[in-house]
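Reader: I have a structure open and I'm not sure how to start reading it. Could we go through it together?
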Amino acid sequence: MIIRSVEMTNFMPYVGEQKVSFDTSKDHPVVLIYGENNRGKSSLFSSIKWAMYGEVIDRTGRKVLEENLLNDSAFDDGERVFSVTLALESDGDSYLIQRTAEISTDREGKRLSSKQKVIMRKNSNFVEHVEIQPTVNQIMNKEISIFFLCDMEVLEDYEKLVKDDNLAAEGIKSAIEDILGVPAIVAVREALKSVSSEAYAEIKKNSESSKESTRIQNEISLEEEKFKKAKTELSKAIARHKEKEKEKEDLDKQLAKHEQSSELIGIEKTLLDQEAIDLKEIERLRSEIQLAMRESWWLPISHLVESKYTETQNATEIAASRNSSLSAKNARLSALAGSLESGSCGECGQGIPESKKSEITQQIEKLKVEITELQIPMVPSLESLMEESKRLSRFRVPPKAALIRSDEKSIRLLLNENMKRRQRLNDISKQLDGIDKSEVQQLNAKRHTVSSEIGITMVSIKTENTKAVEAEKEISALQSKYSKLQSVVDVNEVTIEHAVASYLSIIFEKSVQNFRETTKREVEKAASEIFKQLVSKNAFSNLEINENYGLRLVDDSGRSFDHRGAGVEQVVALSLILALGRKAVRSGCLVLDTPFARLDDVHRDNILHYLPLESEQVILLLQSGEKLSAKSADNLLPRVSNRYEITIGESPKESFIRKAV
Amino acid sequence: MEQENILKDKAQVGLSIEGNDHIEYLTKVYKWFEDGQDAYRTACAVALARGFNETDLPNVRNRTTKYGIGTLDPIGSLRDLICIMRPDLSARPYAASEWLAEIGLNVIRTELDTGALLIDILEGEKQS
């Protein structure tokens with residue numbers, strides 16, 4: 001990986017837009033960046049890591065809250081967005097990563113949280129969001145980055161890191177192996193294991209298929225039995241059917257001789273059957289008429305009863321009216337007589353004048369005459385008329401004349417029919433005179449039986465045929481299943497594949513171990529060589545790497561030095577980094593933050609001499625006070641492509657980075 | 001007075017040989033009546049409807065007892081019908097029923113024998 005530029009906007013101490021280009025080349029691989037302490041060297045280093053991995057880890061190993069990455073001055077000016085744009089090259093492709101964060105504030109205006117957004121372009125094409133982080137890790141894995149984007153202050157504790165039995169140590173070990181290409185060979189081993197287990201699964205599946213095949217074969221046998229049985233039964237039914245057809249044919253021949261008489265017998269039977277039905281119906285109709293006659297025997301006189309009833313009703317009304325009139329006249333007579341006697345009106349109480357009294361007397365006399373006439377007894381009396389009405393009511397129930405007429409006509413028709421039928425029967429009887437009717441009847445009965453039996457055999461044929469067809473279909477379906485199971489996979493081929501994959505897997509397992517050991521030894525050798533180049537004295541002969549990639553200094557007699565100074569620790573760590581860089585499957589940049597803080601001039605000169613030779617791109621973040629010796633300046637400056645200087649702005653919260661003159 | 005007369009009326013009624021023969025025919029041959037008493041009552045109604053009198057009775061022989069009044073006319077319908085429709089016969093309605101039945105049976109039988117429908121006979125009027 002080669003870094004081409006970093007562009008920061010309001011990131012940490014950098015206010016506004018700040019761009020740093022790293023126009024390194026093979027002959028000028030070095031970029032020098034100077035800055036006072038706490039002015040932004042590590043922040044520039046952090047900007048690269050934040051752009052790539054979306055987080056900033058401080059030197060204590062803690063993650064910095066993202067909302068605090070916004071420059072304070074910019075925040076005070078109301079800015080809420082900060083970003084870093086990183087331009088890279090890797091394996092001949094150019095990449096642009098732009099990471100932006102927008103922070104939100106609480107009601108009091110304090111920083112609350114942030115929302116991150118990232119876009120990435122590869123050769124000007126946008127990378128899909130889900131693919132961004134995997135692509136970044138492909139360029140430089142986050143775990144590996146501790147060696148190539150290296151804060152030397154952190155690496156001072158390298159030994160402690162790899163000694164601890166924790167996830168971090170495991171991560172570093174894994175990162176080193178990643179640099180050296182161990183994962184590739186491990187991946188091959190895993191692939192072989194996968195092939196082996198797939199082949200095993202196939203063999204197992206084949207074994208199950210074999211069981212299924214046996215089951216299907218058994219089912220086929222059963223269905224074949226069914227088919228055979230159905231075919232046998234079908235043959236029997238066909239034979240029976242033929243036999244009965246023959247029998248029917250013979251009977252038909254015999255009946256043909258008696259064709260005419262047979263026909264007459266048939267007609268006779270039909271006529272007799274119909275006659276019986278009609279006689280039964282006549283009987284039913286007669287019973288209906290008999291019941292109707294019992295219930296309305298007065299039917300002949302019903303019309304006269306109706307007239308008589310009306311007449312009686314009228315007479316009753318007249319008698320009732322006469323009685324009522326008599327009562328009214330009696331009451332009037334009594335009222336008039338009373339008034340005349342008292343001399344005042346019985347109704348209004350007023351006095352009756354003398355002139356009116358004679359008039360009232362006349363009215364009384366007239367009423368007496370009328371009452372006398374009305375009192376002459378009536379014949380018949382009202383009571384006897386009412387009694388007569390009551391008796392007549394009993395006969396007013398409508399007689400069943402319509403029913404009787406309809407039934408009688410039906411009986412007459414049926415009797416006529418019967419008479420004709422009887423005539424026809426007599427004729428037939430004469431024609432059949434001298435013929436043995438029982439023989440013909442027996443033949444007919446037998447033919448009827450045979451016809452029924454033929455019907456039964458037809459049903460049997462149909463049933464057995466259906467059974468045979470169904471069994472045949474089932475056999476065909478099972479055979480198709482059986483063929484499919486047979487053609488799944490060649491068992492031998494899979495067995496060989498499984499054996500080869502298992503064998504290769506074992507070989508690769510051993511190869512991984514060998515490869516680890518070999519590469520470790522190679523790194524060890526390279527680290528030793530580099531270490532020798534970097535140290536001021538040849539006091540130590542070698543660096544040894546243990547299984548955890550921990551480093552041990554040993555002399556020619558194999559004695560180790562456990563107590564090392566801080567400066568030596570930095571040189572040891574740098575030796576490992578440069579050795580890893582030399583042996584890495586992918587070489588690239590080396591960004592070193594304050595690499596010389598604890599080194600004397602001799603070590604610094606050695607390193608500055610050596611670094612450009614080992615890396616394609618070296619970015620050194622140096623303290624402003626760090627002066628290059630004449631020797632270093634002679635070695636290094638011709639290889640420097642750019643020099644930058646970090647300066648402070650008007651406010652201590654603002655830093656700027658610009659090209660150094 | 002009427003009650004007293006009725007008490008003097010017949011408690012059993014009889015039919016002549018001819019009348020019995022007609023009953024036999026109507027119940028066994030024509031089968032229009034299930035029972036002879038049904039034919040007896042209907043015959044009375046025919047005779048009443050057609051306004052026959054005792055003088056219209058044809059020559060009949062040896063009238064013998066046929067039915068008791070209790071079974072022939074259990075609720076007095078026949079008696080009431082005769083009394084109402086022929087007040088002149090109300091003194092002895094059951095006695096009158098004997099000649100009414102003889103005439104009615106003869107009419108029904110004769111007309112049936114000529115091919116008439118029973119219903120036409122029942123709904124017809126006195127032949128002139």
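Author: Let us begin with a term that we shall need: two residues are in contact if their C-beta atoms, placed from the backbone, lie within 7 Å. Please also keep in mind throughout that this is a predicted model.

Reader: Okay, so how much of the contacts in chain A with a separation of 6 or more comes from residues 24 or more positions apart?
Author: Among the contacts in chain A with a separation of 6 or more, 77% are between residues 24 or more positions apart.

Reader: And what does the secondary structure of chain A come to?
Author: Chain A has 18 helices and 15 strands, and of its 661 residues 25% count as buried.

Reader: Can we look at a sheet? In what order do the strands of the open sheet in chain A come?
Author: The open sheet in chain A has 6 strands in the order 2-1-4-5-6-7, with antiparallel pairing. Strand 2 and strand 7 (125-126) of chain A are at the edges, and because each has a single partner strand, one side of each is left without a neighbour in the sheet.

Reader: What holds strands together in a sheet, generally?
Author: Strands of a sheet pair through backbone hydrogen bonds, and the pairing may be parallel or antiparallel.

Reader: Over how many bridges do strand 4 and strand 5 of chain A pair?
Author: Strand 4 (residues 81-90) and strand 5 (residues 93-105) of chain A pair over 10 bridges, in the antiparallel sense. To find one position in this pairing, look for A:F82, which stands opposite A:A101 in strand 5 of chain A.

Reader: Which strands does helix 1 of chain A lie across?
Author: Helix 1 of chain A lies across strand 1, strand 2, strand 4 and strand 5 of chain A, and it runs at about 80° to strand 4 of chain A. Helix 3 (residues 129-139) of chain A also packs on the sheet, where it touches strand 4, strand 5 and strand 6 (111-122) of chain A, and its direction makes about 70° with that of strand 6 of chain A.

Reader: New topic: where is A:V591, and is it buried or exposed?
Author: A:V591 lies in strand 12 (residues 589-593) of chain A, and it counts as buried because it has 24 C-beta neighbours inside 10 Å, where the cut-off for buried is 20 or more.

Reader: What is A:V591 in contact with, apart from its neighbours within four places in sequence?
Author: Leaving those neighbours aside, A:V591 is in contact with A:F45, A:I48, A:F148, A:L149, A:C150 and A:I619. A:V591 and A:F147 are 444 residues apart in sequence, with 8.9 Å between their C-alpha atoms in space.

Reader: My teacher mentioned positive phi values. Where is A:M12, and what is its phi?
Author: A:M12 is in the loop between strand 1 (2-9) and strand 2 (17-21) of chain A, and its phi is near 50°, a positive value in a residue other than glycine. A:N38 also has a positive phi, near 60°, and its place is in the loop between strand 3 (30-35) and helix 1 (41-53) of chain A.

Reader: Are those two loop residues, A:M12 and A:N38, buried or exposed?
Author: A:M12 counts as buried because it has 24 C-beta neighbours inside 10 Å, whereas A:N38 is exposed because it has 12 other C-beta atoms within 10 Å.

Reader: What about chain B? Which residues are buried in helix 2 of chain B?
Author: In helix 2 of chain B the buried residues are B:G19, B:H22, B:I23 and B:L26. They are on the same side of helix 2 of chain B because they cover an arc of only 100° around the axis. The face turned away from the buried side carries the exposed residues B:I17, B:E24, B:K28 and B:V29.

Reader: What covers the buried residues of helix 2 of chain B?
Author: The cover includes strand 1 (12-15), helix 3 and helix 6 of chain B.

Reader: Last thing: how many residues from each chain does the contact take?
Author: The contact takes 21 residues from chain A and 21 residues from chain B. On the side of chain B that touches chain A, helix 3 of chain B gives the largest share, 7 residues, and by class that side has 13 nonpolar, 2 polar and 6 charged residues.

Definitions and conventions
Residues are numbered from 1 along each chain as its sequence is written. Chains are lettered from A and ligands numbered from 1 in the order in which they are written. This is a predicted model: local features need pLDDT of at least 70, side-chain atom pairs count only at pLDDT 80 or more; totals for chains, interfaces and linings use all residues. Helices (H or I, at least four residues) and strands (E, at least two) are DSSP runs, numbered from the N terminus. Ala, Val, Leu, Ile, Met, Phe, Trp, Tyr, Cys and Pro count as nonpolar, Asp, Glu, Lys and Arg as charged, and the others, Gly among them, as polar. The arc is that of the directions from the helix axis to the C-beta atoms. Two strands pair if DSSP finds at least two bridges between them. Axes are lines fitted to C-alpha atoms, for helices over the stretch in contact, and angles run from 0 to 180 degrees between N-to-C directions.
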